[in-house]
Amino acid sequence: MSLWTQARRSARMNPSIIREILKVTEKPGILSMAGGLPSADTFPAEAMREACDIVLRNSAREALQYAASEGFGPLREWVAAKLTAMGHKVGADQVLITTGSQQGLDLVGKIMIDAGAPVAVETPTYLGALQAFNPYEPIYTSLASDNDGPLPEALAALKHDAPGTRFAYLLPNFQNPTGRVMPEARRNALVAAAQGAGVPLVEDNPYGDLWFDEEPPAPIASRWPEGTIYLGSFSKVLAPGFRLGYVVAPSELYPKLLQAKQAADLHTPGFNQRVVYEVIRHGFLDQHVPAIRARYKRQRDAMAAGLRQHLPEGSEWHEPKGGMFFWVRLPEGCDAMALLPKAVEAGIAFVPGAAFYAHAPDPRTLRLSFVTLAPEDIVDGVAVLGRVLREHLEIEAEVTP
């Protein structure tokens, strides 16, 4: 008998399949399309080095001291100005700087979810959100979705099918894992449905700046600011190692989010906040982000070409208009989880799609990331995937009567 009696919620904490797969991809010779990692080649190391020097030279005492739980004032003002320019008019007093947007999800779960409370999610949805919410013991409702995102009628039905739903979690821009983007009309329809059902929204937008040809529509939060919590991140446009994200909340919720933040870690590292603000304050991102977009678009194009050339008939995918991922559905009878060991043995890694579903996972799905490999390696990797898949299908055909 164990000396330690763990809380019931600990049983709902499980290792991330993505993190486990990443351990495998550290082996030499593996072409990994598994991790949702930004390309390290885009990290602005020199700008960061200069900013570190400036911060330590001009404000070392403040940067290395405890800081305000809300976050560094000028950085909060920068976030508010950015969102206002996007059509979501907010004040700095609504911005809470978090230790990555993943912490923002945890804080939302902590103040919004009771055990047994309904929470609505997309089909499929971000695995990290499920991991953040799971310890608070929600009951998930999976919203039926198409290539434009959740169906408004599915959200409207929550009023009767899942009364008391605490919120619906949405990723409107280049969703992880599907890469889909919600068009203007769908956003408007979802807000109308949420308002009619009395269901608040949590809008997660880590990929919105990574569009290739056309900027996505204004945030959902701009259409219903009093009914939406908005989450953003600096990880995809600067560097994830700084662990900087933010939550923008209605004034009704902000104090409790702040209290949850204080209990979690007192404050996000002040040095990191000041360094990032020093980098971005004079418009650095106006030149830096377009360079990331151009790079990722070339990689997207390489993966699209590889998929068209090498995947067998019956495979399905949609070419993303931004972000970092392709979502692939394999031919009938395939199981991506069963295929993964064969793919790794052949030198290629991906993430099986089943982990991204709150209910009824589709075993035929998988996620491919295209931003960490050179275009020629992407084509080679997809060719290997296609070969492994064809061999798998041939074996299955032989054993099937």
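Begin by selecting strand E8 (residues 201-204) together with strand E9 (residues 228-233), which pair in the parallel sense over four bridges; two strands count as paired if DSSP finds at least two bridges between them, and helices (H or I, at least four residues) and strands (E, at least two) are DSSP runs numbered from the N terminus. This is a predicted model, in which local features need pLDDT of at least 70 and side-chain atom pairs count only at pLDDT 80 or more, while totals for chains, interfaces and linings use all residues. Residues are numbered from 1 along each chain as its sequence is written, and side-chain values use heavy atoms, with hydrogens and water left out.

Within this pair, Val-202 stands opposite Ile-229 in E9. Extend the selection to strand E10 (residues 244-248), which pairs with E9 in the antiparallel sense, again over four bridges; here the bridge partner of Gly-232 is Tyr-246 in E10. Now colour E9 by accessibility: six of its six residues are buried, so the strand is largely enclosed by the rest of the structure, where buried means under 20% relative accessible area, exposed over 50% and partly exposed in between (1.4 Å probe, protein chains only). Both faces of E9 are covered, with Thr-228, Tyr-230 and Gly-232 buried on one side and Ile-229, Leu-231 and Ser-233 buried on the other.

Next, select the open sheet of four strands with the order E11-E12-E15-E14, whose pairing is antiparallel. Strand E11 (316-317) and strand E14 (351-352) stand at the edges with a single partner strand each, so one side of each is left without a neighbour in the sheet. E11 is joined to strand E12 (residues 325-329) by two bridges, the two strands running antiparallel, and the bridge partner of Glu-316 is Arg-329 in E12.

Add helix H11 (residues 284-310), which lies across E11, E12 and strand E15 (365-369) and runs at about 15 degrees to E12; axes are lines fitted to C-alpha atoms, for helices over the stretch in contact, and angles run from 0 to 180 degrees between N-to-C directions. Centre on Gln-299, which lies in H11 and is buried, with a relative accessible area of 2%. Leaving aside neighbours within four places in sequence, Gln-299 is in contact (heavy atoms within 4.5 Å) with Phe-370, Val-371, Thr-372, Leu-373, Pro-375 and Ile-378.

Move then to helix H3 (residues 73-85) and helix H10 (residues 270-280), which pack at an angle of about 50 degrees with their axes 9 Å apart. The contact is made by Pro-74, Leu-75 and Trp-78 of H3 and by Gln-273, Tyr-277 and Ile-280 of H10.

The tour ends with backbone details, for which it helps to recall that most residues other than glycine have a negative phi, and most peptide bonds are trans.

- Select Thr-123 and Pro-124, which are joined by a cis peptide bond with omega about -10 degrees; Pro-124 lies in the loop between strand E3 (118-122) and helix H5 (127-133).
- Select Asn-176 and Pro-177, where the peptide bond is also cis, with omega near 25 degrees; Pro-177 lies in the loop between strand E7 (168-170) and helix H8 (184-197).
- Select Leu-266, which has a positive phi of about 70 degrees although it is not a glycine; Leu-266 is found in the loop between helix H9 (254-265) and H10, and at 45% relative accessibility Leu-266 counts as partly exposed.
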